[in-house]
Amino acid sequence: MRIATWNINGVKARIETALSWLEEAAPDVVCLQEIKSIDEGFPREAFERLGYNVETHGQKGFNGVALLSKLPFDEVSRGLPGDPDDVQARFIEGVVSVKGGVVRVGCLYLPNGNPIGTEKFDYKLAWMRRLEAHARERLLLEEPFVLAGDYNVIPDGKDAWDPRAWVNDALYQPESRMAFRSLLNLGFTDALRAVDDSPGRYTFWDYQAGSWQKNWGIRIDHLLLSPQAADRLQGCEVASHVRGWEKPSDHVPVVAMLGFEGV
DNA sequence: ATGGCTGCAGGATGCAGA
């Protein structure tokens, strides 16, 4: 089973690019972030034509997440628990059945948090505490569980072309990185790092300043695997070539391969 | 390398992103 995460930076602006990659890579489950669309405006038929079941959690203008799956969803839930006043659409979770069990997938768009020293950074850290609490609950289920998305966290210096350029950025603050480590230390496996610990495995290149051409990238899109999912891990790849396509997102897809009977 | 771009809402340009 191929499970992908991709911040597509606007589903309506990216529809042709998205469909091209889905046809090329044929992932079984896809976590999309920054759809920037309300549910009613999501071009679901285009994805359904490729054989996907579609579940969205959108809002007007910004944010928004979606799940695509070739297998039908047994359950779907929208929103991250822990703050009923949070109106930002940044989390959706679904369960699909495979032979002998289930796979649970959480799709997240973690707040950027810039600039530091403002309520935006406080919101980021609070959101990460809520995510950890939710993840802790889900791990009790002892299921294959994949928590995938745009974490907006650069975990390590080797995850940036020039870490010094990020020292005052919310994505690389010690508090952000510690919260990510705390989440990992619940028992998750960073899928890419389980198969490749080399530097330069970036998932984002800014639109500005020729960042792609200069390879000024960062790694901020991650798939975290529960022990039951990590046991199935067969590989993980960053589809970096997609950044060079026409009308690209500033993020590229990351795909983890999990072995299940039949998929 | 603190944004030189891009998408969205709305119908000009301001906001948000990372």
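**Chain A and DNA strand B: a walk through the predicted model**

Let me start at Asn 9, which sits in the loop between β1 (2–7) and α1 (15–25); helices here are DSSP runs of H or I with at least four residues, strands are runs of E with at least two, and both are numbered from the N terminus. What we are looking at is a predicted model, in which local features need pLDDT of at least 70 and side-chain atom pairs count only at pLDDT 80 or more, while totals for chains, interfaces and linings use all residues. Residues are numbered from 1 along each chain as its sequence is written, and chains are lettered from A and ligands numbered from 1 in the order in which they are written.

Asn 9 has a positive phi of about 50 degrees although it is not a glycine. With 18 C-beta neighbours inside 10 Å, Asn 9 counts as partly exposed; on this scale a residue is buried if 20 or more other C-beta atoms, placed from the backbone, lie within 10 Å of its own, exposed if 12 or fewer, and partly exposed in between. A positive phi, near 60 degrees, is also found at Ala 209, again a residue other than glycine, and this alanine lies in the loop between β10 (204–205) and α6 (211–214). Ala 209 has 10 C-beta neighbours inside 10 Å and therefore counts as exposed.

Turning to the whole chain, chain A has seven helices and 14 strands. Its radius of gyration is 17 Å, close to the 18 Å that the globule rule gives for 263 residues, so chain A is as compact as a globular protein of that length; the radius is taken over C-alpha atoms, and the rule is 2.2 Å times the number of residues to the power 0.38. Buried residues make up 42% of the 263 residues. Of the contacts between residues at least 6 apart in sequence, 69% join residues at least 24 apart, a contact being a pair whose C-beta atoms, placed from the backbone, lie within 7 Å.

Which residues come nearest to DNA strand B? They are Gly 10, Ala 13, Asn 112, Asn 168 and Trp 216, out of 32 residues around the strand, where near means that the C-beta atom, placed from the backbone, lies within 6 Å. By class, the surface near strand B has 11 nonpolar, 12 polar and nine charged residues; Ala, Val, Leu, Ile, Met, Phe, Trp, Tyr, Cys and Pro count as nonpolar, Asp, Glu, Lys and Arg as charged, and the others, Gly among them, as polar.

Next, a helix pair. Helix α3 (residues 119–139) and helix α4 (residues 174–184) pack at an angle of about 5 degrees, with their axes 10 Å apart. The residues of α3 that meet α4 include Leu 125, Met 128 and Leu 131, and those on the α4 side include Ala 179 and Leu 183. The contact of α3 with α4 has six nonpolar, two polar and three charged residues.

I will close with two loops. Ile 220 lies in the loop between β11 (217–218) and β12 (221–225), and this isoleucine is buried, with 23 other C-beta atoms within 10 Å. Its C-alpha atom is 7.6 Å from that of Pro 155, although the two are 65 residues apart along the chain. Pro 115, in the loop between β7 (101–109) and α3, follows a cis peptide bond from Asn 114, with omega near -5 degrees.

Notes
Contact = placed C-beta atoms within 7 Å. Axes fitted to C-alpha atoms, helices over the stretch in contact; angles between N-to-C directions.
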